[in-house]
Amino acid sequence: MKTALQTYEPVLGFEVHVELNTVTKMFSTATNAFGDQPNSNVTAGDLGMPGTLPTINQAGIDYGIKLGLALNCTIAPESRFDRKQYFYPDLGKNYQTSQLEPAIAYDGYVDVELDDGEIFRVEIERAHIEEDAGKLTHIGSTGRIHDASASLVDYNRAGVPLVEIVSRPITGAGERAPELARAYLATIRDIVKALNVSDARMERGNIRCDANVSLMPIGSETFGTRTETKNVNSTRAVAAAVESEIIRQAKVLDAGEAITQETRHWDEEARSTRSGRPKSDADDYRYFSDPDLVPIVTDEAWIERLRAELPENPLQRRRRLREEWAFSESEFRDVVAAGVLDEIEATVVAGATAEAARKWWMGEIARIANEKGVSPEGLGVTPADVVEIERLIADKTINDKIARQVVGHVAEGEGRPTEVVEARSLAVVSDEGALTTAVDEAMAANPDVVERIKGGHMQAVGALIGPVMKATKGQADAGRVREIILEKIG
Amino acid sequence: MHLTQLTATDMAAKLRAGETTAVELVQAHLDEASTAFVFINADEALAVAAEVDAGKYDHTLAGVPVVLADVLVTENMPTAAGSAYLDGWVAPYEATAVARLRAAGLPILAKARVAEFGMGQESGAHEAVANHQAPFAVVSDTAGTARHIATETGVVAVKPTYGAISRFGLVAAVSSMDTVTPIARNTADAKALHQVMVGADELDPTSVEYDWDFSSEAAVAGGTIGVLTEQPADVTDEAWATYQAGMEKLQDAGMNTTEVTMDTLGQAAQAAHIIGAAEFSANLAKFDGIRFGNRVTPDNGTVQDVITASRGAGFGYETKRRIIVGTHLLSAGTIDSHFYPAQKIRTAVINEYNTAFKSVDAIAVPAGIQQGEEYESTNAGIGASLAGLPAASVAGVHICAPTYADELVYRISAVVETTAGAAA
Amino acid sequence: MVDNIAATAHIALTEDERQRLTAEFDPIIDALVVTADEQLPVTVNPLPVNNKLRADVVANELSNEQALSAAPESQDGQFMVPAILDGE
């Protein structure tokens with residue numbers, strides 16, 4: 001890529017589709033849910049049956065406006081829905097209800113933080129509301145002689161609300177183009193997640209990215225011919241796709257050939273894009289305003305009510321937390337990468353120190369989660385549990401080693417930390433009599449060690465603490481044991 | 001008098017007086033059933049009538065039978081909208097207007113023959129009402145067609161304000177003009193049927209919220225009606241005489257008349273044709289042979305071939321022509337030269353009506369003018385559809401009034417129909 | 001012209017229909033010229049009604065059986081069509 005970028009300047013553009021997590025679909029009252037029995041989350045309207053009409057889901061509009069506000073967009077005073085027409089079996093009506101002009105939100109920007117903390121501003125052209133299509137499954141022949149195969153259509157996803165976020169062309173990223181692509185998609189994901197307008201699970205297609213790439217000679221003002229790589233569905237993949245496309249296009253241009261305007265597909269295994277269908281700007285979808293739906297007219301009160309519900313911008317929040325918690329840059333980056341920012345924040349809010357919260361979420365909890373192949377927040381250990389464990393350590397009910405065991409038992413669903421400690425009798429032995437007896441026994445069994453301590457070798461105390469801990473099954477407070485030994489020898 | 005000769009209102013009165021039964025009324029009409037109907041719902045209609053007779057419903061029209069044009073989607077009865085594509089299809093849901101008729105206890109006698117997707121002069125419902133096979137019926141009026149056929153068959157059709165009656169379950173032809181419309185042999189019966197179906201519906205976002213009141217007994221005296229004072233070239237002497245008779249009745253009833261001309265209506269037919277064909281082409285895209293309807297599978301056909309062949313076999317020539325014209329009108333270039341200007345003409349028509357209604361309460365013009373073959377209606381009939389106005393076709397007169405003034409249209413219609421020839 | 005639009009509209013025409021429509025098409029389009037004041041806004045809905053929004057509550061779902069009740073061809077609770085190749 002380095003060679004390519006000595007000659008060419010990459011121009012990027014992204015179209016990100018975000019599936020909203022409303023209860024019902026955008027234009028029908030069918031359930032918006034993933035993975036149910038095929039063709040069960042449908043109304044007659046989702047199947048394009050005669051006489052049916054669309055209805056507009058208020059939540060879908062609200063979510064669209066909130067997302068627009070989070071992207072610093074202007075909210076359209078009046079917008080409406082349009083029919084984008086093409087025949088395809090996954091569209092029950094053979095048109096997609098979308099928004100031509102204006103979109104519900106337009107003219108915004110989003111600040112994207114690169115790996116070194118540099119902020120890159122990406123301008124947002126528009127964010128419009130539309131509906132998803134159904135799902136096609138290609139199957140083998142079923143007893144037919146001539147047919148190679150058939151396709152099955154499930155309309156459960158047809159009509160699921162989407163917001164399509166369209167960036168303006170992005171110049172100036174240079175060799176950081178792949179990094180920017182990754183960071184941009186991650187930023188969008190973080191924003192929709194913080195807004196709670198989408199489940200934001202890229203592996204499930206809740207967020208899908210089309211990446212436009214073109215090259216122009218360095219110094220040129222005229223954009224080159226672009227390709228659109230469809231449905232790149234992870235932050236890692238979008239970086240790889242952009243890099244691969246920059247390299248491919250540079251080779252084509254270097255050979256004196258022209259870039260074909262087309263859609264391309266990201267091939268995860270080959271780590272490269274492959275050619276799809278030719279695409280021209282002249283694709284005629286015969287858009288026209290849907291006469292079955294009436295305009296969306298926003299006013300100040302509506303927009304301000306939604307603005308008041310916006311969470312803190314994720315980038316600003318990260319900066320604030322890093323400062324408040326006084327983590328080093330690398331510590332903080334690890335926390336973000338591990339996806340436990342929310343958990344640590346909740347744990348701190350619940351009363352733990354930032355350092356303790358980080359220790360648990362990045363330590364034992366992360367370790368167990370990793371072992372089980374789940375995410376730390378999905379393990380079943382709550383921020384309140386972490387606070388409770390810290391309290392049990394502080395009041396010397398348990399020690400660090402026992403605490404780690406307690407986390408494991410909580411993760412197994414044995415109850416809250418206090419309940420686990422009780423049920424499993426894990427509280428430290430604080431009975432002085434029992435401890436004194438154990439110390440006496442250890443001293444009697446190791447007279448040479450006692451002599452060495454008396455001779456000033458204080459570090460030999462450890463050789464007595466070990467047997468005491470063993471005798472108390474680890475449930476003794478090592479500090480107190482040390483004190484007792486020194487009192488006796490002292 | 002034979003039961004079928006009564007008005008719906010009289011049928012209802014006789015039922016309440018115990019002078020007849022709902023079963024007798026339904027049976028009397030079933031005995032007259034003809035080729036106006038594509039599906040006769042005898043068993044269910046008689047069963048509902050028996051329930052009415054057993055006292056299950058308390059609506060004043062309970063037990064008075066009704067006929068539905070076959071563009072209204074019904075459960076348990078097929079809906080084909082006059083198209084081979086849909087032939088045999090039975091819906092798993094029902095039109096809101098039909099649901100309201102059922103809830104009021106009106107037995108549904110039959111589904112009536114329609115032109116394909118309701119776009120044309122064919123209407124079994126009008127025939128049936130005119131021939132006493134039903135006291136009244138529910139049809140669709142898109143750009144004046146139902147009002148025009150009413151003139152031809154001598155029945156009363158009153159298109160409500162756009163959105164007054166839900167379009168949910170009305171097989172869509174032209175979304176922005178389609179109107180569920182009552183027809184009857186007199187104004188009072190149309191008004192009674194209208195009231196059963198009127199009212200906002202959450203299934204139709206274009207249905208309107210309005211506190212409808214049809215109870216006014218007020219006279220039309222003192223109101224002003226916009227009229228034509230000179231016979232237009234395309235109005236026959238006979239039609240002009242009928243119109244003038246109607247206007248005299250209004251004057252006799254104390255209405256002031258004043259001349260109104262509507263310049264924008266000169267382009268109303270073209271605008272309605274453009275908008276109509278465009279919306280029609282998109283509304284019919286869902287008929288693709290995949291989820292419902294009749295599929296045609298060519299040998300070794302792809303899915304796109306199946307769609308093309310199914311639509312080719314299922315649609316008649318006029319439907320195909322309208323879709324192809326509409327597809328063209330929404331295509332790049334033509335959308336700018338034709339479609340958007342037509343939508344602007346629509347604005348101009350609405351503006352001109354609004355201006356006119358500052359000086360008149362309603363406008364009456366001759367109903368009987370032949371225009372082209374695409375939309376056989378008067379410019380005034382088309383204008384009311386473009387502007388969403390309530391409009392009646394009664395005794396050779398077309399009456400329209402401002403949106404939401406449906407009740408006024410009925411009161412004026414009731415006066416006009418007292419001219420000779422308008423009777424139950 | 002007619003053939004291209006018929007292809008876009010996915011409508012098979014018989015030879016008779018094709019000839020008839022080819023003859024009728026241009027006169028129809030020519031007759032549909034309107035002249036509007038460009039400054040006027042377009043009208044989509046005849047009545048000025050805005051913001052008809054509904055609550056986000058599930059209703060009127062069909063069962064899988066109802067959904068497929070009129071399907072020309074189905075399998076495993078899904079609508080079946082001839083193969084669709086990737087990339088449209």
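User: Lys372(A) belongs to helix 10 (residues 364-372) of chain A. Why is Lys372(A) called partly exposed?

Analyst: Happy to start there, with the reminder that this is a predicted model. The relative accessible area of Lys372(A) is 39%. Buried needs under 20% and exposed needs over 50%, so the value of 39% puts Lys372(A) in the partly exposed class.

User: Which residues is Lys372(A) in contact with, leaving aside neighbours within four places in sequence?

Analyst: Those residues are Leu379(A), Ala411(A) and Glu412(A). The word contact applies because heavy atoms lie within 4.5 Å.

User: Staying in chain A, how do you know that the length of helix 3 is close to what is expected?

Analyst: Helix 3 (residues 177-195) has 19 residues, and its first and last C-alpha atoms are 27 Å apart. The expectation at 1.5 Å a residue is 27 Å, and the computed span is close to it. Just after the helix comes Asn196(A), with a positive phi near 55°.

User: What makes helix 3 of chain A mostly covered?

Analyst: Of its 19 residues, 14 are buried. Each of those counts as buried because its relative accessible area is under 20%.

User: Why is the pair Arg83(A) and Asp292(A) called a salt bridge?

Analyst: Their side chains come to 3.0 Å, N to O. The cut-off is 4 Å between a side-chain nitrogen of Lys or Arg and a carboxyl oxygen of Asp or Glu, so the pair qualifies. The partners sit 209 residues apart, Arg83(A) in strand 5 (residues 82-85) and Asp292(A) in the loop between strand 16 (288-289) and strand 17 (296-297) of chain A.

User: Are those two residues buried or exposed?

Analyst: Arg83(A) has a relative accessible area of 0%, and Asp292(A) has 3%. Buried means under 20%, so Arg83(A) is buried and Asp292(A) is buried too.

User: How do you know that Arg248(A) and Glu245(A) are separated by about one helical turn?

Analyst: The two are three residues apart in helix 4 (residues 235-254) of chain A. An α-helix has 3.6 residues a turn, so residues three or four places apart point the same way. Their side chains meet in a salt bridge at 2.5 Å, N to O. Arg248(A), at 25% relative accessibility, is partly exposed, whereas Glu245(A), at 0%, is buried.

User: Which residues of chain A are linked in a network of salt bridges?

Analyst: The network links Glu312(A), Arg317(A), Arg320(A), Glu324(A), Asp342(A) and Glu345(A). Over all chains, the structure holds 67 salt bridges.

User: Now chain B. What makes Lys56(B) exposed?

Analyst: Its relative accessible area is 55%. Exposed means over 50%, so Lys56(B) qualifies. Lys56(B) also forms a salt bridge with Glu51(B), where the closest N and O atoms are 3.5 Å apart. Glu51(B), at 30%, is partly exposed.

User: Why is Asn186(B) called buried?

Analyst: The relative accessible area of Asn186(B) is 12%, and the limit is under 20%, so buried is the right word. Asn186(B) lies in the loop between strand 6 (179-184) and helix 7 (187-197) of chain B. A polar atom of its side chain is 3.3 Å from the backbone nitrogen of Ala188(B).

User: On to the interfaces. What makes Asp292(A) and Arg167(B) a salt bridge?

Analyst: Their closest N and O atoms are 3.0 Å apart, and the limit is 4 Å, so the pair passes. The rule finds one salt bridge across the interface of chain B and chain A. Between them these chains bury about 2700 Å², 63% of it on carbon and sulfur atoms. On the side of chain B, Pro205(B), Lys286(B) and Arg291(B) lose the most area to chain A, together 22% of what that side buries.

User: And how many salt bridges does the rule find across the interface of chain C and chain B?

Analyst: The rule finds three there. Arg321(B) and Glu24(C) make a salt bridge, at 2.7 Å from N to O. The buried area is about 4500 Å², with 68% from carbon and sulfur atoms. In chain C, His10(C), Leu32(C) and Val34(C) lose the most area to chain B, together 14% of what that side buries.

Conventions. Residues numbered from 1 in each chain as written. Chains lettered and ligands numbered in written order. Predicted model: local features only at pLDDT ≥ 70, side-chain atom pairs only at ≥ 80, totals over all residues. Heavy atoms only, no water. Buried area = accessible area lost by both parts, 1.4 Å probe. Helix = DSSP H or I, 4+ residues; strand = E, 2+ residues; numbered from the N terminus. Expected span 1.5 Å × (residues − 1). Buried < 20%, exposed > 50% of the residue type's maximum accessible area, 1.4 Å probe, protein only. Polar contact = N/O pair within 3.5 Å; in protein donor to acceptor, adjacent residues only side chain to side chain.
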